[in-house]
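Student: I would like to learn how to read a structural model feature by feature, with the general idea before the particular case. Could we go through one together?

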Amino acid sequence: MKKHGTTSRLRIDAAACDGIGVCAHLASEVLELDRWGFPIITVRDLSRGELSAATRAVRACPRKALWIETSEVPSVVQRAPGVTTPS
Ligand code: SF4
């Protein structure tokens with residue numbers, strides 16, 4: 001039996017972003033600004049606290065250029081007792 005976990009990542013649509021940087025001021029835990037004022041995501045897989053910060057940034061973005069992508073990943077493979085792996 002496979003058990004699944006989930007992973008959440010913050011994403012940016014660079015074409016939609018206007019580079020004002022509101023997001024990075026609200027969520028410095030997960031975003032920083034480059035020298036032109038465009039956001040850079042600094043965290044790959046979001047922890048619970050980082051997810052909260054990322055959610056703040058997504059909600060505040062006036063251009064709807066941020067979103068959180070959640071995907072399922074297999075984390076543990078368990079076999080029933082007595083079941084062997086085919087060779
Ligand atoms: S708030 Fe939105 S539009 Fe503004 S810099 Fe951040 S991602 Fe870009």
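Student: What should the 13 residues of α2 span at 1.5 Å a residue, and how far apart are its end C-alpha atoms?

Tutor: Please keep in mind that this is a predicted model. The general idea is to multiply 1.5 Å by one less than the number of residues in the helix. For the 13 residues of α2 the expected span is 18 Å, and because the end C-alpha atoms are 19 Å apart, the two values agree.

Student: Where does α2 sit in the order of elements from the N terminus on?

Tutor: The protein has two helices and four strands, and from the N terminus on they follow the order β-α-β-β-α-β. Helix α2 covers residues 48-60, with a loop between β3 (39-41) and α2 before the helix and another loop between α2 and β4 (66-77) after it.

Student: Which residues of α2 are buried, and how do they fall when seen down the axis of the helix?

Tutor: To read burial, one counts the other C-beta atoms within 10 Å of a residue's own, and 20 or more make the residue buried. In α2 the buried residues are Ala53, Ala54 and Ala57. Seen down the helix axis, these residues fall within an arc of 100°, so they line one face of α2. On the other side of α2, Arg48 and Arg59 are exposed.

Student: Why does Ala57 count as buried, and which residues does Ala57 touch?

Tutor: Ala57, which is found in helix α2, is buried because 25 other C-beta atoms lie within 10 Å. Leaving out residues up to four places away in sequence, Ala57 touches Cys23, Leu26, Ala27, Leu31 and Leu66. A distance along the chain can also be set against a distance in space: Ala57 and Val30 are 27 residues apart along the chain, while their C-alpha atoms are separated by 9.2 Å.

Student: Which residues make up the largest nonpolar core?

Tutor: The general idea is to join buried nonpolar residues through C-beta atoms within 7 Å. Here the largest nonpolar core has 12 residues, namely Leu10, Cys23, Ala24, Ala27, Val30, Leu31, Leu46, Ala53, Ala54, Ala57, Cys61 and Leu66. Helices α1 (22-26) and α2 each supply at least two residues of this core, and α2 gives the most, with three residues.

Student: What share of the protein is buried, and what share of its contacts joins residues 24 or more positions apart?

Tutor: Buried residues make up 15% of the 87 residues in the protein. For contacts, one takes those with a separation of 6 or more, and residues 24 or more positions apart account for 60% of them.

Student: Is His25, in helix α1, buried or exposed?

Tutor: His25 lies in helix α1, and because 12 other C-beta atoms lie within 10 Å, His25 is exposed. Its C-alpha atom and that of Pro39, 14 residues apart along the chain, are separated by 9.9 Å.

Student: What can be said of Thr42, in the loop between β3 and α2?

Tutor: Thr42 counts as partly exposed because it has 14 C-beta neighbours inside 10 Å. Apart from neighbours within four places in sequence, Thr42 is in contact with Val30, Leu31 and Glu32. Thr42 and Glu32 are 10 residues apart in sequence, and their C-alpha atoms are 6.9 Å apart in space.

Student: What is the phi of Lys64?

Tutor: Most residues other than glycine have a negative phi. The phi of Lys64 is near 55°, a positive value in a residue other than glycine. Lys64 has its place in the loop between α2 and β4, and with 10 C-beta neighbours inside 10 Å it counts as exposed.

Student: Which residues does Arg63 touch, and which residues come nearest to the ligand?

Tutor: Arg63 lies in the loop between α2 and β4 and counts as partly exposed, with 14 C-beta neighbours inside 10 Å. Not counting residues up to four places away in sequence, Arg63 touches Ala16, Cys17 and Asp18. Of the 13 residues around the ligand, Cys17, Cys23, Cys61, Arg63 and Ala65 come nearest. The residues of this shell divide into nine nonpolar, two polar and two charged.

Methods: Residues are numbered from 1 along each chain as its sequence is written. This is a predicted model: local features need pLDDT of at least 70, side-chain atom pairs count only at pLDDT 80 or more; totals for chains, interfaces and linings use all residues. Two residues are in contact if their C-beta atoms, placed from the backbone, lie within 7 Å. A residue is near a molecule or strand if its C-beta atom, placed from the backbone, lies within 6 Å of it. Ala, Val, Leu, Ile, Met, Phe, Trp, Tyr, Cys and Pro count as nonpolar, Asp, Glu, Lys and Arg as charged, and the others, Gly among them, as polar. The arc is that of the directions from the helix axis to the C-beta atoms.
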